[in-house]
Amino acid sequence: MDLSIRPMMLGSVKLPETHPRAADGNCVIHGFVVTHPDGAIVVDTGVAGDHDVLNEIYHPTATPLVEALNTADVDERDVVAIVNTHLHFDHCGQNRMLPSVPVYVQAAELEAVRLPKFTIPEWAEIADDRRRVIDGDAEIAPGVSVMATPGHTPGHQSVVVSNGDQVEIIVGQCCYTCGEFADGRILPADMHEPSLLDEGLASLDRLRRLDPTSAYFSPYTTVFTA
Ligand SMILES: [Zn+2]
């Protein structure tokens with residue numbers, strides 16, 4: 001089966017001084033598209049356009065999702081599913097650009113969206129008829145599964161693509177970098193709250209045990225290759 005993961009550049013944000021990763025400065029926002037014989041699967045949709053509060057703090061730029069898909073050589077009409085690794089504003093901002101496509105999200109994440117300052121609620125809102133709620137791990141297409149990897153957010157999930165003997169993963173923000181993945185390391189400040197650190201480490205351990213041939217991170221661009 002011809003499955004491949006293609007990164008998409010969906011925009012950027014400038015991390016404010018108060019952000020734990022402020023030293024990283026300008027941060028490219030990536031999403032991904034998994035090509036699949038049954039139709040393409042988009043993983044994370046970046047930021048949408050202008051938003052008053054966001055403009056002041058993060059100075060976002062946005063690349064339209066359709067344009068990013070076309071650059072990745074995918075026709076937007078071939079997309080059959082969106083997976084949101086989580087519902088922070090920089091992962092779900094353009095869900096609405098493909099309004100008829102089902103969106104897979106963890107039940108715990110839908111609960112977290114109600115918390116104050118968790119995200120931009122109108123970007124994270126998913127209409128009932130397109131919401132596909134998952135509680136844990138699940139296969140969403142032959143060879144493509146989501147794995148619950150809580151820590152960065154209470155309902156974070158990662159995507160596992162199995163292609164013959166090869167396993168590739170889209171980590172999302174379970175950890176941020178190749179080095180952290182290689183070392184099984186997570187920064188407490190990257191967790192939704194400090195009490196989730198153990199859960200975050202357990203999530204990362206589950207991903208590492210898959211022994212993937214490559215792992216993709218969002219928002220960071222580098223690809224871990226075994
Ligand atoms: Zn996040």
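Helices (H or I, at least four residues) and strands (E, at least two) are DSSP runs, numbered from the N terminus. The model is predicted, so that local features need pLDDT of at least 70 and side-chain atom pairs count only at pLDDT 80 or more, while totals for chains, interfaces and linings use all residues. Residues are numbered from 1 along each chain as its sequence is written, and side-chain values use heavy atoms, with hydrogens and water left out.

An open sheet of seven strands is present, with mixed pairing and the order β4-β1-β2-β3-β5-β6-β7; two strands pair if DSSP finds at least two bridges between them. The edges are formed by β4 (61–62) and β7, each of which has a single partner strand, so one side of each is left without a neighbour in the sheet. Strands β1 (residues 4–14) and β2 (residues 26–35) run antiparallel and are joined by ten bridges. Within this pair, V13 stands opposite C27 of β2.

Parallel pairing is found further along the sheet. Strand β3 (residues 40–43) runs parallel to β5 and is joined to it by four bridges, with I82 in β5 as the bridge partner of V42. Strand β5 (residues 79–83) in turn pairs with β6 in the parallel sense over two bridges, and V83 stands opposite Y104 in β6. On the other side, β6 pairs with strand β7 (residues 131–134), again in the parallel sense, over four bridges. Here Y104 stands opposite R132 in β7.

Burial was assessed by relative accessible area: buried means under 20%, exposed over 50%, and partly exposed in between (1.4 Å probe, protein chains only). Strand β5 is mostly covered, with four of its five residues buried. Strand β6 (residues 103–106) is covered on both faces, since V103 and V105 on one side and Y104 and Q106 on the other are all buried.

A zinc ion has four protein donor atoms, namely NE2 of H86, ND1 of H88, NE2 of H152 and OE1 of Q173, at 2.1 to 2.5 Å. Donors are N, O and S atoms within 2.8 Å of the metal (3.2 Å for Na, K and Ca); water is not among the atoms, so sites may look incomplete. The angles among the four donor atoms run from 82 to 174°, and the site is irregular. Four donors count as tetrahedral if all angles lie between 85 and 135 degrees; four count as square planar and six as octahedral if opposite donors are over 155 degrees apart and all others between 65 and 115; anything else is irregular. The spacing of the donor residues in sequence is H-x1-H-x63-H-x20-Q. Distant parts of the chain are linked by H88 and Q173, which are 85 residues apart: H88 lies in the loop between β5 and α3 (89–92), and Q173 in the loop between β11 (166–172) and α6 (178–183). Both H88 and Q173 are buried.

Helix α7 (residues 197–209) has 13 residues and spans 18 Å from its first C-alpha to its last, close to the 18 Å expected at 1.5 Å a residue; the expected span is 1.5 Å times one less than the number of residues. Its buried residues include G200, S203, L204 and L207. Seen down the axis of α7, the buried residues fall within an arc of 95°, so they line one face of the helix; the arc is that of the directions from the helix axis to the C-beta atoms. The exposed residues D198 and R209 are carried on the face turned away from the buried side. Among the elements that cover the buried residues of α7 are β9 (144–148), β10 (157–163), β11 and α6, where contact means heavy atoms within 4.5 Å. The helix is followed by D211, which has a positive phi near 55°.

Positive phi values also occur in two loops. H59, a residue other than glycine, has phi near 45° and is found in the loop between α1 (52–58) and β4. At 47% relative accessibility, H59 counts as partly exposed. D73, which is not a glycine either, has a positive phi of about 70° and lies in the loop between α2 (65–71) and β5. With a relative accessible area of 66%, D73 is exposed.

F224 belongs to strand β13 (residues 223–225) and counts as buried at 19% relative accessibility. Leaving aside neighbours within four places in sequence, F224 is in contact with C178, F181, A182, T213, S214, A215 and F217.
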